[in-house]
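Colleague: I'd like a really close look at a single part of this model rather than a tour of everything. Pick one spot and take me through what packs on it, what pairs with what, and where the charges go.

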Amino acid sequence: MPFDGVVTKCIVAELKETILDSRIEKIFQPENDEIVLNIRAKGQNLKLVLSANSSYPRIHFTEVVKENPAVPPVFCMLLRKHLSGAKITGVEFSDYERIVTLLVESINELGDISIKKLIIEIMGRHSNIILVNSDNKIIDSIKHVDSETSSVREVMPARPYILPPSQDKTSPEALDVDILFNITEEYSNISVEKYLLNKVKGFSPLLCREICYRAGIAERTPMSALSIHDCERLKNAMRELISKITCNNFSPCLIFEDSSFEKPIDFHCIEITQYKNIKYESSVSRVLDIFYSKKDLSERVRQKKSN
């Protein structure tokens with residue numbers, strides 16, 4: 001999916017810059033799988049969308065206005081009880097996993113300071129929004145996952161919050177690029193694109209193809225067909241991208257179908273050189289809002305028609 005671990009790092013950097021020490025003023029749930037937080041931050045009013053939609057999970061600031069149900073859903077009411085007026089004291093992100101945690105501080109019924117976590121897991125059909133207390137126990141989630149649904153990990157009220165199983169990959173910052181291209185026999189027939197996707201945490205297919213493009217290597221080239229010079233070019237391209245990622249040197253952009261710039265087909269926060277019809281934006285939230293608002297609207301219209 002386009003919303004990879006690198007994009008997650010970029011949006012977390014934007015959130016840290018924008019909403020630390022801000023207040024959650026209002027909470028809405030316009031869709032069954034989507035929460036909108038109205039936040040007062042540094043003298044401005046912002047809307048932060050958290051979506052656990054199976055097709056388009058995400059977190060970003062939004063300018064899209066949706067109609068809210070006349071009767072707020074149960075999860076929305078619970079969030080209002082625990083988070084209305086709460087102060088956002090931290091934004092956490094770890095090891096290029098697509099999980100963002102908002103640390104919030106509020107006053108409970110006894111007048112004591114209460115620390116909670118609002119966690120969004122961006123994992124396709126397993127995406128979720130989870131409220132956790134200071135003891136790391138789940139208060140509730142927008143989607144319940146019981147033992148019948150998953151034998152690996154329950155997401156239910158009163159259960160301890162456990163991170164999803166980690167991927168067997170290496171994060172960009174811990175990657176030894178020289179060792180990466182010491183190919184073992186089991187990977188000899190896999191394409192360069194798939195090899196990078198299997199090895200590097202946080203990389204989407206788009207980013208893997210970008211590495212190949214910058215190195216001048218066809219992405220479907222088998223690893224066994226790479227020459228020493230091919231590997232050196234791939235290493236240089238990888239080092240260049242990793243440098244941008246670790247230094248937060250981001251260039252949020254939308255990739256369009258054609259030169260009319262009307263239909264976005266992909267996006268990223270790293271400068272993409274393999275396509276011509278690219279438009280750069282001032283923030284990753286702007287990119288995500290444009291891309292997902294169009295995709296999300298068309299998907300929900302399609303679902304309503306099929307129902």
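**One helix and its surroundings**

Modeller: Let's start with helix α5: its buried residues pack against α1, α4 (192-199), α6 (228-246), β10 and β11. Keep in mind that this is a predicted model, where local features need pLDDT of at least 70 and side-chain atom pairs count only at pLDDT 80 or more, while totals for chains, interfaces and linings use all residues. Residues are numbered from 1 along each chain as its sequence is written, and side-chain values use heavy atoms, with hydrogens and water left out.

A few terms, then. Helices (H or I, at least four residues) and strands (E, at least two) are DSSP runs, numbered from the N terminus. Buried is under 20% relative accessible area, exposed is over 50%, and partly exposed is in between, using a 1.4 Å probe and protein chains only. Contact is heavy atoms within 4.5 Å.

Back to α5. Eight of its 11 residues are buried, so the helix is largely enclosed by the rest of the structure. The buried ones are L206, L207, C208, R209, E210, I211, C212 and A215. Just after α5 comes G216, with a positive phi of about 75 degrees.

Now the sheet. It's an open one of three strands, in the order β11-β10-β12, with antiparallel pairing. That puts β11 and β12 (278-280) at the edges, each with a single partner strand, so one side of each has no neighbour in the sheet. On average, neighbouring strands here are turned by 25 degrees against each other, direction ignored. For pairing, DSSP has to find at least two bridges between two strands. Strand β10 (residues 253-256) is joined to β11 by four bridges, the two running antiparallel, and L254 has F267 of β11 as its bridge partner. On the β12 side, β10 pairs in the antiparallel sense over three bridges, and there I255 has I278 as its bridge partner. Helix α5 (residues 205-215) packs on this sheet by touching β10 and β11, and its direction makes about 75 degrees with that of β11. Those angles run from 0 to 180 degrees between N-to-C directions, with axes as lines fitted to C-alpha atoms, for helices over the stretch in contact.

Strand β11 (residues 264-268) is mostly covered, with four of its five residues buried. One residue in β11 I'd look at is D266. Leaving aside neighbours within four places in sequence, D266 is in contact with P2, L206, R209, L254, I255 and F291. So what about its charge? Lys and Arg count as positive and Asp and Glu as negative; His and the chain ends aren't counted. D266 is buried yet has no salt bridge, and the nearest side chain of opposite charge, R209, is 4.4 Å away. A salt bridge here takes a side-chain nitrogen of Lys or Arg within 4 Å of a carboxyl oxygen of Asp or Glu.

By that rule the count comes to 18 salt bridges. One of them involves the sheet's other edge strand: K279 pairs with E281, the closest N and O atoms being 3.9 Å apart. K279 is partly exposed at 41% relative accessibility, while E281 is buried at 17%.

Helix α6, one of the elements that α5 packs against, has a charged pair too. R239 and D178 meet in a salt bridge at 2.8 Å, N to O. R239 sits in α6 and D178 in helix α3 (residues 177-180), so the pair ties together parts 61 residues apart in sequence. Both are partly exposed: R239 has a relative accessible area of 35% and D178 of 39%.

Finally, helix α1 (residues 5-19), another packing partner of α5, holds L15. L15 is buried, with a relative accessible area of 0%. Beyond neighbours within four places in sequence, L15 is in contact with L20, L48, I59, F61, V91 and V100. Take F61 from that list: L15 and F61 are 46 residues apart in sequence and 8.8 Å apart in space, C-alpha to C-alpha.
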